[in-house]
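Student: I have a model open in front of me and would like to learn how to read its features. Could we go through them together?

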Amino acid sequence: DKERVEASLQERKAALEDREDDAVREEALDKRGAKEASREAEAEAAKATEDMKQAKKEKVVAMEQLRKQDQQDALAADAERTIRKDARRVEEAKKAYHRIARKYDAES
C-alpha cells in the first residue's frame with residue numbers, strides 16, 4: 001500500500017513538474033510572441049510616423065501651390081481692373097477727341 005501511494009505521489013509529482021515545464025515553455029513563447037508583436041507594432045508606428053511626415057510635406061506643398069494660385073488670381077484680377085480702367089480712359093479720350101473735333105468742325 002505504502003509503495004502504491006508513493007508511486008502515485010511520484011506520478012503526480014512528475015505530472016506537476018511536466019505542467020510546470022509546459023507553463024514555463026508557454027510563458028517563454030508568450031514573451032517571444034510579445035516581443036515580436038512589440039517589434040511589429042514599433043515598425044508600424046515608425047511607418048505611420050513617416051507617412052504622417054510625408055503627408056505634412058505634401059500639405060505644405062499644396063498650401064504653397066494654393067498661395068501661389070491665390071497670388072496669381074489676385075494679379076490677374078488687378079490686371080483685369082487696370083485693363084478696364086484703361087479702356088474707360090480710352091473711351092473718355094475718344095469722346096473728348098470727338099467733342100473737340102465737332103467743335104473744331106463747327107468753328108471752321
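Tutor: Happily! Let's begin with a term we will need: a residue counts as buried under 20% relative accessible area, as exposed over 50%, and as partly exposed in between. Keep in mind that this is a predicted model.

Student: How do I use that cut-off on Arg89: is Arg89 buried or exposed?

Tutor: Arg89 has 51% relative accessibility, so this residue counts as exposed. Asp86, with a relative accessible area of 35%, is partly exposed.

Student: And for the chain as a whole, what percentage of the residues is buried?

Tutor: Buried residues make up 0% of the 108 residues in the protein chain. The exposed area is about 10400 Å², and carbon and sulfur atoms supply 54% of it.

Student: Which helices and strands should I look for?

Tutor: The protein chain has 1 helix and 0 strands. That helix is α1, made of residues 2–107.

Student: How do I read the overall shape from numbers?

Tutor: Set the radius of gyration beside the value for a compact globule. With 108 residues such a globule would be near 13 Å, but this protein chain has 46 Å. The box filled by its C-alpha atoms, taken along the principal axes, tells you more: roughly 155 × 15 × 5 Å.

Student: What about charges?

Tutor: There are 27 positive and 29 negative side chains, and the centres of the two sets lie 13 Å apart. On the surface, Glu17, Asp18, Glu20 and Asp21 gather in a patch of negative charge. A patch of positive charge is formed by Lys95, Arg99, Arg102 and Lys103. Asp18 is partly exposed, at 48% relative accessible area, while Lys95 is exposed, at 53%.

Student: How many salt bridges are there in the whole structure?

Tutor: First the general idea: side chains of opposite charge can pair when their charged atoms come close. Here, a search of the whole structure finds 11 salt bridges. One of them joins the side chains of Asp86 and Arg89, at 3.5 Å from N to O. These two are 3 residues apart in helix α1, so about one helical turn separates them.

Student: Where in the chain could I practise on another pair?

Tutor: Try Asp51 and Lys47, whose side chains meet in a salt bridge at 3.3 Å, N to O. Both lie in helix α1, 4 residues apart, about one turn of the helix. Asp51 is partly exposed at 41%, whereas Lys47, at 52%, counts as exposed. You can also look at Asp1 and Arg4, which form a salt bridge of 3.5 Å, N to O; both of these residues are exposed.

How values were computed. Residues are numbered from 1 along each chain as its sequence is written. This is a predicted model: local features need pLDDT of at least 70, side-chain atom pairs count only at pLDDT 80 or more; totals for chains, interfaces and linings use all residues. Side-chain values use heavy atoms; hydrogens and water are left out. The radius of gyration is taken over C-alpha atoms; the globule rule is 2.2 Å times the number of residues to the power 0.38. Buried means under 20% relative accessible area, exposed over 50%, partly exposed in between (1.4 Å probe, protein chains only). Accessible areas come from the Shrake-Rupley method with a 1.4 Å probe; for residues, only the protein chains shown count as cover. Lys and Arg count as positive and Asp and Glu as negative; His and the chain ends are not counted. The place of a charge is taken as NZ of Lys, CZ of Arg, CG of Asp or CD of Glu. Patches are made of residues with over 30% relative accessible area and no salt bridge: like charges are joined within 9 Å, nonpolar side chains (Val, Leu, Ile, Met, Phe, Trp, Tyr) within 5 Å. A salt bridge is a side-chain nitrogen of Lys or Arg within 4 Å of a carboxyl oxygen of Asp or Glu.
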